[in-house]
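Subject: Structure handover

Hello,

Here is the structure you asked about, with the notes that go with it. Please open it alongside this message, since the notes go from one region to the next.

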Amino acid sequence: MRLVLQLIARLALIVLLCLAAAGVWVTVDAYRSVDRATAASAERVSQALEALYWRELLLRSNRTRDHLLPVPDWRTTETMKLIAPGICVQFKPEAAFEKPLCGQSKGLGTAPPRWFSGLVETILGDHAAVAQAISARTTTAGTVSAIADPDAAIQLAWQRIQDSFGVALAMAIAIGVLASLAIAHALAPARSIVQALQRMAEGEHRPALPRFRSMELAMIGRAVSELGDRLAQANEQRAALTERLLDIRDEERRALARELHDEFGQNLTAILAFASTIEAAGQGRNDQVAQDARMITQSVSHLMACLRGTLSRLRRPLAEELGLEAGLVALTQNYQHAARPAIRLDLHGDLADIQGPVAVTAYRMAQECLTNALRHTDASEVSLRVERRAGPDSALVISVEDDGGGDAAQMAQSSGFGLTGIRERIAAVGGSLSIEPAARGLSVSATIPLAA
């Protein structure tokens with residue numbers, strides 16, 4: 001899962017938790033506000049009745065102090081205005097058949113769901129009644145008792161939750177969207193870092209990275225740049241070491257060729273001369289000796305032919321002496337005379353000025369691939385294609401394809417000396433090698449940059 005989506009999912013979870021906490025807080029506050037409204041209603045009504053009490057006391061005529069209240073005019077519209085919605089007020093001691101005076105309960109909102117009513121009543125409990133004395137100086141004046149209507153209190157809490165939750169939900173959505181955009185914008189440079197790492201994996205060891213404003217991303221960018229520099233240095237050192245090893249190996253091959261020519265060649269020539277002499281002396285007198293001498297002559301001739309082939313592979317390649325194009329033409333002609341399959345050479349572009357390690361590498365690869373096709377396959381046709389690509393990314397592309405079957409995956413994992421040497425040569429000049437299945441066989445291709 002992408003990091004941006006993970007952060008957005010976590011942000012959404014946090015927003016939902018905050019929204020749930022806000023809903024709980026609004027529910028508790030709305031439910032407790034009813035208790036505050038109950039106390040406020042009791043206080044306001046008691047103050048109004050206290051004024052009535054002192055007025056009746058001044059106009060008491062023949063009535064006693066204990067029966068001044070309640071008077072009929074206390075249940076008026078003005079008193080109703082003092083009572084909060086959903087609150088009922090009663091005077092104590094109450095008169096006979098007197099009902100509580102309740103505030104307006106219509107228009108408090110829709111009835112809440114049963115689960116909400118049951119949950120609130122179970123967790124928060126019932127509302128307590130509030131008693132307020134009419135006069136602190138005269139206890140016989142009576143008291144005002146206020147209590148909340150349970151159904152009206154639940155409706156008030158539900159309506160307040162609906163009003164507040166709508167605003168909270170809109171704010172949560174806005175915060176979530178804006179925070180998601182901010183997260184996506186903050187992590188957008190990470191894509192540049194990933195692309196730089198991918199280019200490094202493909203061989204571009206010093207990819208260009210933009211300047212990051214974030215300190216953490218800037219540190220990561222610097223670390224990637226330093227890693228690229230170290231990889232480039234290690235690759236340059238490896239290429240130089242490989243080139244040096246190849247030079248040493250070529251020198252050893254030339255020394256071995258000289259030793260084979262000087263020692264084995266001369267001895268085989270001497271043996272061939274002795275065998276010819278024995279054959280000539282034995283003719284007419286001892287046919288068995290002459291026949292053995294002829295067999296020795298044939299064996300020595302075969303050994304000398306093998307030695308010449310070995311010396312031709314060990315000596316300095318023709319690409320260094322004649323150039324790449326002439327060397328490839330001579331190579332295919334030599335294999336064409338000795339091989340059963342037809343070898344087709346296809347050259348594209350100007351190859352005259354290609355010299356040095358690139359020419360030797362291309363020649364050695366063609367030589368090794370043609371040798372493998374002749375030795376290890378039953379190919380009837382082998383195609384050698386060499387193309388010089390122009391442009392800013394100029395490169396030499398060598399491709400050898402046969403129709404002799406074979407397993408490309410198995411060959412790619414082969415650790416044979418010849419294929420390993422080709423890989424090392426191509427890596428030394430900064431190229432790449434690929435082995436893929438062809439229509440009826442295998443295709444081995446290499447790309448060598450000419451700037452190497």
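A place to begin is the pair formed by aspartate 346 and arginine 385: arginine 385, in S6, is the bridge partner of aspartate 346. The two strands concerned, S5 and S6 (residues 381-389), run parallel and are joined by 7 bridges. Please keep in mind throughout that this is a predicted model.

The sheet around that pair

S5 and S6 belong to an open sheet of 5 strands, in the order S5-S6-S7-S9-S8, with mixed pairing. S5 (342-348) and S8 are the edge strands; each has a single partner strand, so one side of each has no neighbour in the sheet. From one strand to the next, the twist averages 10°.

Next to S5 comes the pairing of S6 with S7 (residues 395-402), which is antiparallel and extends over 8 bridges. Within this pairing, arginine 389 is opposite alanine 395 of S7. The hairpin of S6 and S7 has 5 residues between the strands, and glycine 391 in this hairpin has a positive phi near 110°.

At the other end of the order, S8 (residues 432-437) and S9 (residues 442-449) run antiparallel and are joined by 6 bridges. Serine 432 has threonine 447 of S9 as its bridge partner, and leucine 433 has alanine 446 of S9. The hairpin that joins S8 to S9 does so through 4 residues.

Leucine 328

Which residues does leucine 328 contact, leaving aside its neighbours within four places in sequence? They are Leu345, Leu347, Tyr363, Ala366, Leu384 and Val386. Leucine 328 itself lies in helix H9 (residues 324-338). Its relative accessible area is 1%, and since buried means under 20%, leucine 328 is buried. Arginine 364 is 36 residues from leucine 328 along the chain, and the C-alpha atoms of these two residues are separated by 9.8 Å.

The other sheet

A further open sheet has 4 strands in the order S2-S1-S4-S3, with antiparallel pairing. Its edges are S2 (101-102) and S3 (130-133); each of these has a single partner strand, so one side of each is left without a neighbour in the sheet. S1 (residues 87-92) and S4 (residues 143-148) run antiparallel, with 6 bridges joining them. One of the paired positions is glutamine 90, whose bridge partner in S4 is serine 145.

Helices H3 and H4

Two packed helices are described by the angle between their axes and the distance between the axes. For H3 (residues 114-124) and H4 (residues 150-187), the axes come within 11 Å and cross at roughly 110°. H3 is therefore roughly perpendicular to H4. On the H3 side the contact is made by Phe116, Ser117, Val120 and Glu121, and on the H4 side by Ile154, Trp158 and Ile161. Sorted by class, the contact has 5 nonpolar residues, 1 polar and 1 charged.

Aspartate 29

Is aspartate 29 buried or exposed? Aspartate 29 counts as buried, because its relative accessibility is 18% and the cut-off is under 20%. This residue is placed in helix H1 (residues 3-58). Not counting residues up to four places away in sequence, aspartate 29 touches Arg36 and Arg160.

Cysteines

A disulfide is a covalent bond between the sulfur atoms of two cysteines. With a disulfide taken as a pair of cysteine sulfur atoms within 2.5 Å, the count comes to 0. Cysteine 18 is partly exposed, with a relative accessible area of 49%. Cysteine 369 counts as buried, at 11% relative accessibility.

The protein as a whole

The protein has 12 helices and 9 strands. It has 452 residues, of which 34% count as buried. Among contacts between residues at least 6 apart in sequence, 67% join residues at least 24 apart.

Regards

Definitions and conventions
Residues are numbered from 1 along each chain as its sequence is written. This is a predicted model: local features need pLDDT of at least 70, side-chain atom pairs count only at pLDDT 80 or more; totals for chains, interfaces and linings use all residues. Side-chain values use heavy atoms; hydrogens and water are left out. Two strands pair if DSSP finds at least two bridges between them. Axes are lines fitted to C-alpha atoms, for helices over the stretch in contact, and angles run from 0 to 180 degrees between N-to-C directions. Angles under 35 degrees count as roughly parallel, over 145 as roughly antiparallel, 65 to 115 as roughly perpendicular and the rest as oblique. Contact means heavy atoms within 4.5 Å. Ala, Val, Leu, Ile, Met, Phe, Trp, Tyr, Cys and Pro count as nonpolar, Asp, Glu, Lys and Arg as charged, and the others, Gly among them, as polar. Buried means under 20% relative accessible area, exposed over 50%, partly exposed in between (1.4 Å probe, protein chains only).
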